[in-house]
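Q: I should like a close look at a single part of this model, followed by an account of its surroundings. Please define each term where it is used.

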Amino acid sequence: MNALFFWLFSGGMIVCALAVILNRNAVASALCFTFSIVFMSGLFVMLNAFFLAAVQILVTAGAVMVLFLFIIMLLDLVAMEHMPRQKVWMGCTLVLALGFLLLVAKTLHATPEGFITQNSLKTSDHRLVVKPQVRADGTTVDIVLSQNDWDKYDDTHRIGRLLFSTVPGKTSYVAPFEITSLLILVATIGVIVLCKQEERPRPRSREEITREAPPVEPKEKALKT
Amino acid sequence: MEITLNHYLAVAAVLFAIGLMGVIMRRNILIIYMSIEMMLQAANLTFVAFSRFNNQLDGQVFVFFVITVAAAEVAVGLALIVALYRLKRTTQIQDLTTLKF
């Protein structure tokens, strides 16, 4: 059953990815990419990464691809669909990709099979199991959760704990998280600056024109020109 | 037949190779951009597979960051493409030879 779904999702993902690069129509490519991402979310679910599967669909398949489609439709790309394919160049890239895959295949062949066990997550990592608790007298103590407690958490809860835990001496992801928010702010400002049009002179109303320059006599106008 | 870590790694490698082919083969700058995204997603799949294999969540946190940065990158990149299109009226890379020596 597991194997069936794996082949279904991965096969769909690969076929859609191939359709992305072989399609001449950019809109069709974008849609194929969306489907490829949806199939990949299926693989994420099979790897017990439920939170990431949801994020992948929401962010990549939803927001990013909508942005892509928006730009494809904003720029008129119809004219480029009739360019001749370059067969030799395509063959060269295929050879390159196959060489890369051969390299990976040899590496994977040399490594032992990594069986994915159904073990629960390790609790040897103390970042994950510390839970601050406030006592009656106002002091806080760290309580180490048992493996049982940890197993009860769902995926999102665990990632949230790992992301925001600040245990001294352990790797913490709080600073990267904040820096990412800064990055998004910078990206937003950058996009606005890049896309800002040069300010065009706004069409003036009749009153403004007459106030600035009173209508000239026909004779004077003729002299000027 | 049991699905092992190697299966996931192989699928991710195939996806990466397809993205690489797209970057080199295609002439449309938007498709190239999509292919770059595809390579990022292939790396994400590897991260999640290893995270599951090692039973540790750090890989998934990394994927979370990669998705965030990729989204920001797409926004900036598409803005650049729009600015380029305003300037040159094209999205084909063979027409963009200003920096060619």
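Is A:Ile57 buried, exposed or partly exposed, and why?

A: A:Ile57 counts as partly exposed because it has 17 C-beta neighbours inside 10 Å. On this scale a residue is buried if 20 or more other C-beta atoms lie within 10 Å of its own, exposed if 12 or fewer, and partly exposed in between, with C-beta atoms placed from the backbone. The model is predicted: local features need pLDDT of at least 70, side-chain atom pairs count only at pLDDT 80 or more, and totals for chains, interfaces and linings use all residues. Residues are numbered from 1 along each chain as its sequence is written, while chains are lettered from A and ligands numbered from 1 in the order in which they are written.

A:Ile57 is found in helix α3 of chain A; helices (H or I, at least four residues) and strands (E, at least two) are DSSP runs, numbered from the N terminus. Leaving aside residues up to four places away in sequence, A:Ile57 touches A:Val38, A:Ser41 and A:Gly62. Two residues are in contact if their C-beta atoms, placed from the backbone, lie within 7 Å. A:Ala17 is 40 residues from A:Ile57 along the chain, and their C-alpha atoms are separated by 16 Å.

In the loop between α2 and α3 of chain A is A:Asn48. Its phi is near 65°, a positive value in a residue other than glycine. Most residues other than glycine have a negative phi. A:Asn48 has 18 C-beta neighbours inside 10 Å and therefore counts as partly exposed.

The helix that holds A:Ile57 also belongs to the contact between the chains. That contact takes 67 residues from chain A and 58 residues from chain B. On the side of chain A that touches chain B, at least two residues each come from α1 (2-22), α2 (26-46), α3 (50-74), α4 (87-110), α7 (155-164) and α8 (174-195) of chain A. Helix α3(A) gives the most to this side, with eleven residues. By class, the side of chain A that touches chain B has 52 nonpolar, eleven polar and four charged residues. Here Ala, Val, Leu, Ile, Met, Phe, Trp, Tyr, Cys and Pro count as nonpolar, Asp, Glu, Lys and Arg as charged, and the others, Gly among them, as polar. The model scores ipTM 0.92 and pTM 0.82.

The partner, chain B, has three helices and zero strands. Its average pLDDT (the predictor's confidence in each residue, from 0 to 100) is 90, and 100% of the residues score at least 70. Buried residues make up 50% of the 101 residues in chain B.

Within chain B, helix α2 (residues 29-54) and helix α3 (residues 58-88) pack at an angle of about 175°, with their axes 9 Å apart. Axes are lines fitted to C-alpha atoms, for helices over the stretch in contact, and angles run from 0 to 180 degrees between N-to-C directions. The angle makes α2(B) roughly antiparallel to α3(B), the term for angles over 145 degrees. The contact of α2(B) with α3(B) has 14 nonpolar, five polar and two charged residues.

B:Asn55 is found in the loop between α2 and α3 of chain B. Phi of B:Asn55 is near 55°, a positive value in a residue other than glycine. With 17 C-beta neighbours inside 10 Å, B:Asn55 counts as partly exposed.

How values were computed: Parallel < 35°, antiparallel > 145°, perpendicular 65-115°, else oblique.
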